[in-house]
Amino acid sequence: MMYHIPAVLTPDEVYAIRQQMQQAAWIDGRATVGHQGATVKNNQQIDTGSAGYAPLQETVTQALNRSPLFFAAALPLSISSPLFNRYQQGETYGFHVDGAMRRNGASWMRTDLSATLFLSAPESYEGGELVIEDTYGQHSVKLPAGDLVLYPSSSLHCVNPVTAGCREASFLWIQSMIRDDKQRAMLFELDRNIQSLKARHGDSEETLSLLNMYHNLLRGWSET
Ligand code: NI
């Protein structure tokens, strides 16, 4: 499943991040990909070893941690340090695979979900859509600044060439407590329905029972 998580960052945060990104040290985006990715990737990334990187990744990590919708959809067990990229005119990232396992500090994490957090206003650049393939075909995604798309890391995906302007984004991976995409999607749907029943009718025996069911499914399916 693909999910659109709106307003992960406030407009003020988007503005501050983009100001900081202008001062940051940029390197070739091929620094962080494997062999297949390197042959189709043409963009720039912020150097994670540079001084400007830490405050950027902290802002995004904190924003993710305060978003109930992100939590409900991703059920994150670990979240990679967010990276930051930009595509200027003519730059692109062809169809590729995200590696299944990534270094995360001293250990490894499995990539169950990939996320792109859009930072540039969609009208400020042309092209640059994130195109994701799933069993229903290709989906083209271009979101408002501050919004995030979450999609299975198992999907082939690409970024269309930017033909005008500049596309800036942050991107990251999630290892979920629920490895299976379909189980995670069912839990998300159950969670959304419980929340909406509670909002409409307040707490009731039925919502308590559904909440119990949600947690028992999570307990049964989670990997930790
Ligand atoms: Ni990718």
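These are my notebook entries on a predicted model of a protein, set down as I looked things up.

**Entry 1: the whole chain**

I started with the overall make-up and found six helices and 17 strands. Next I asked how compact the fold is. The radius of gyration comes to 18 Å, close to the 17 Å that the globule rule gives for 224 residues, so the protein is as compact as a globular protein of that length. I also looked up the box that the C-alpha atoms fill, and along the principal axes it is roughly 55 × 35 × 35 Å.

Then I turned to contacts along the chain. Taking those between residues at least 6 apart in sequence, I found that 78% join residues at least 24 apart.

**Entry 2: surface and charges**

How much of the protein is buried? I noted 44% of the 224 residues. The exposed area is about 11,300 Å², and 54% of it comes from carbon and sulfur atoms. For charges, I have 17 positive and 23 negative ones, and their mean positions lie 4 Å apart.

**Entry 3: the nonpolar cores**

Which residues touch the most other members of the largest nonpolar core? That core has 34 residues, and the answer is F84, L148 and L150. I checked where its members come from: helix 3, residues 53–65, gives the most, with five residues.

I followed L148 a little further. Setting aside residues up to four places away in sequence, L148 touches Y3, H4, I5, V8, L64, F70, A115, T116, L117 and L143. Apart from the largest core there is another one, of twelve residues, including Y125, L130, V141 and Y151.

**Entry 4: T116**

T116 appeared among the residues that L148 touches, and I wanted to see its own surroundings. T116 sits in strand 10, which covers residues 113–118. Buried or exposed? T116 counts as buried, because its relative accessibility is 7%, and the cut-off for buried is under 20%. Beyond its neighbours within four places in sequence, T116 is in contact with L130, D147, L148, V149, Y151, R167, A169, S170 and F171. Two of these names were already on my page: L130 and Y151 are among the members of the twelve-residue core.

**Entry 5: Q175**

My next stop was Q175, which I found in strand 17, residues 167–176. With 12% relative accessibility, Q175 counts as buried. What does Q175 touch, leaving aside its neighbours within four places in sequence? I wrote down L75, P76, L77, S78, M109, R110 and D112. I also looked up a pair of C-alpha atoms: Q175 and R18 are 157 residues apart along the chain, and 27 Å separates them.

**Entry 6: two positive phi angles**

Before looking at backbone angles, I reminded myself that most residues other than glycine have a negative phi. Where do the positive values in L75 and A7 turn up?

L75 was already in my notes as a contact of Q175. Its phi is near 40°, a positive value in a residue other than glycine. L75 is placed in the loop between helix 4 (68–74) and strand 5 (76–79), and with a relative accessible area of 1% it is buried.

A7 is not a glycine either, yet its phi is positive, at about 50°. I found A7 in the loop between strand 1 (3–5) and helix 1 (11–23). Here the relative accessible area is 58%, so A7 is exposed. I closed the page with this pair side by side: L75 is buried, whereas A7 is exposed.

How values were computed: Residues numbered from 1 in each chain as written. Predicted model: local features only at pLDDT ≥ 70, side-chain atom pairs only at ≥ 80, totals over all residues. Heavy atoms only, no water. Core = buried A, V, L, I, M, F, W, Y, C linked by side-chain atoms within 4.5 Å. Buried < 20%, exposed > 50% of the residue type's maximum accessible area, 1.4 Å probe, protein only. Helix = DSSP H or I, 4+ residues; strand = E, 2+ residues; numbered from the N terminus. Contact = heavy atoms within 4.5 Å. Rg over C-alpha atoms; globule rule 2.2 N^0.38 Å. Areas by Shrake-Rupley, 256 points an atom, 1.4 Å probe, with all protein chains shown as cover. Lys, Arg positive; Asp, Glu negative; His and termini not counted. Charge placed at Lys NZ, Arg CZ, Asp CG, Glu CD.
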